[in-house]
Amino acid sequence: MFTTRVLRQAAQHAERTPSIKFIGKRTIPASIDHSPRPHPASPSHSLPSSFTTGSSHTSFSAYRDHAQQHGPLRKTIRSGDAAGVGGAAGSELGPVTPPQGIYFDRNELPARFHRQPLTLAEIEVIETGGAAAFA
Amino acid sequence: MLSQRLIGRAAVKSAFRPSGLPSIVPASRWRRTYATEAEERDLVIIGGGVAGYVAAIKAGQEGMKVTCIEKRGALGGTCLNVGCIPSKSLLNNSHLYHQILHDTKHRGIEVGDVKLNLKQLMKAKEQSVSGLTKGVEFLFKKNGVEYIKGTGSFQDEHTIKVQLNDGGETSVVGKNILIATGSEVTPFPGLEIDEKRVISSTGAIALEEVPKKMIVIGGGIIGLEMASVWSRLGADVTVVEYLDVIGGPGMDTEIAKNIQKILKKQGINFKTSTKVVSGEKTGDEVKVQIDSSKGGKPETLEADVVLVAIGRRPYTGGLGLEKIGLELDERGRVIIDSEYRTKIPHIRCVGDVTFGPMLAHKAEEEAVAVVEYIKKGYGHVNYGCIPAVMYTFPEVAWVGQSEQDLKKAGIKYRVGTFPFSANSRAKTNLDTDGMVKMLADPETDRLLGIHIIGPNAGEMIAEGTLALEYGASSEDIARTCHAHPTLAEAFKEAAMATHSKPIHF
């Protein structure tokens, strides 16, 4: 009897509401406003106007000049290193053929033009008329 | 990277191979691509310091193709290589040396001939540093981060040109770019840093001999930590601070005055409210002209080494920000919004080079948050809850607002303190200097700030940071059981003092 009373008291104690509570599972809001807001540690608590205009580009054409999609989308900047693929006409890049007496080495070309090495297994397959592939 | 992309192509090819025909052709045989330019990366990070490397690892974990560019030749930035880590090694070992010399006899330990081996002290420091930097390199490999050793600069908004450390040049194209170039020592005008006689924090962790006399310009955290190291090793150290209190921004004034007294007792001299007018190197000596910050009390100090520790400034040199039109504020920080975006939204920035305190753990938090913003669209850093620690002995640590902050903002507060001299564990350790101070809202009891001087304060502040982050009240801490006998009981008792009354004081 006494044991039951003690157990009941213990159970009652366990069910008491603690003063420090678990506030529940973390939830992420379904929609988050990503519009630029000042950084919390910014001393001025404001953003320069270039942030709030929505784009750093003055026109769609200027945006296209800088846009990238697996490389420059369209590069019309033609100064020095900044010239992108297609930034200059083919004729401006000089002749395709080498000057007389100069020869291109295949190995200087991009890797896709290199001779592909044969493996020993391939050689063996060829020499055995394909039989080695099934050996 | 290239091969990863091409494996996909090989897989497509193999799908059309007649069934039953075994593959004799290695995957490389199918390398056919029209792309000759660099592969576009999901994230390119400039800087492999704490901000950069943490962002790189996090991005790798999130499945992004990430490249990290670092010019130092070792990862970890200032913190791991010439900052937090090496200084902690020196602080720990110089404390041991000082304790053996001055503090063991009354504890019942008599030690014979004690000698300082500075070379070995530095070697131990270097071992710690190299172990940690190599550890980060391993984590890069583990998380698939491409690591380029070189100096990166913007070629255009998506392309980073890299001058490789081993010679040559390459470029990396990124959908997103993260600037994490950190900070550098702010020089003192008219006193050229040579890292021998006039040193920065970098030189202060690599002196070849213990200076007889040392002047530390700047009584902030870096200055006081280095002053402690060399004072313990035998130098006569004088700290010159322009303000009337030491500790730098954020340290509670009451705490700052207390630690100044403790450090003074340890043998460090202080000249507060004092400005350095000029400095001059003459042979093996450096003469420093000082004056009262208000003027009228000129004095000349002489030392064989002068440490310039007046702060750090953002580092953006050679980054080519002008090529892409990125703006800096009046203190040279990259301007960002709340999601770490610059005005060019795919270029983001974290760490010392932008807003907020220049602390490694703040940079780490931002690094994780910025990757989460890129990948998931949300991130989290609470700038009101970033702890700061000064690793002197005793340590000083704080989180949240100081008493002077609250006064300035006109916020009402209640104070509760508990001294370590009333803590049982501190008494048994014979390390009773210091106190825990809590500030709470008088109406709601919500914690506003926690300030600690004491042994292990840097570890203890973690509990305060968690409480503050959770929006706890001082009563919440007071009602939480703390093990006995521990230093952490002082933390609980300070909470009790704030909420009602402490038991042991």
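For the pocket legend below, Ala, Val, Leu, Ile, Met, Phe, Trp, Tyr, Cys and Pro count as nonpolar, Asp, Glu, Lys and Arg as charged, and the others, Gly among them, as polar. All views come from a predicted model.

**View 1. The second largest pocket and its lining.** Here we're looking into a pocket with a volume of about 1100 Å³. Its lining takes in 35 residues, and those nearest the centre are A:I23, A:R26, B:L466, B:E469 and B:Y470. The elements giving two or more residues to this lining are α10 (360-375), α13 (457-470) and α14 (474-478), and they belong to chain B. As for chemistry, the lining splits into 15 nonpolar, nine polar and eleven charged residues.

**View 2. An open sheet in chain B.** Five strands run in parallel here, in the order β7-β14-β8-β9-β10. At the edges sit β7 (198-199) and β10 (269-271) of chain B, each with a partner on one side only.

**View 3. Zooming in on β8 and β14 of chain B.** Strand β8 (residues 213-217) and strand β14 (residues 305-308) are joined by four bridges in the parallel sense. One spot to look for is B:M214, which stands opposite B:V305 of β14(B).

**View 4. Two cysteines of chain B, B:C349 and B:C385.** Don't go hunting for disulfides: there are zero over all chains. For B:C349, the closest cysteine sulfur is in B:C68, 14 Å away, so a bond is out of reach. B:C349 is also buried, at 0% relative accessible area. B:C385 has its closest cysteine sulfur in B:C84, and at 19 Å that's too far for a bond as well. B:C385 counts as buried too, with 6% relative accessibility.

Key. Residues are numbered from 1 along each chain as its sequence is written. Chains are lettered from A and ligands numbered from 1 in the order in which they are written. This is a predicted model: local features need pLDDT of at least 70, side-chain atom pairs count only at pLDDT 80 or more; totals for chains, interfaces and linings use all residues. Side-chain values use heavy atoms; hydrogens and water are left out. On a 1 Å grid over the protein atoms alone, a cavity is a set of points where a 1.4 Å probe fits but cannot get out, and a pocket is an open set with protein on both sides within 12 Å along at least five of seven lines; lining residues have an atom within 4 Å of a point. Grid points are joined across faces, edges and corners, and a volume is the space filled by probe spheres set on the points. A disulfide is a pair of cysteine sulfur atoms within 2.5 Å. Buried means under 20% relative accessible area, exposed over 50%, partly exposed in between (1.4 Å probe, protein chains only). Two strands pair if DSSP finds at least two bridges between them.
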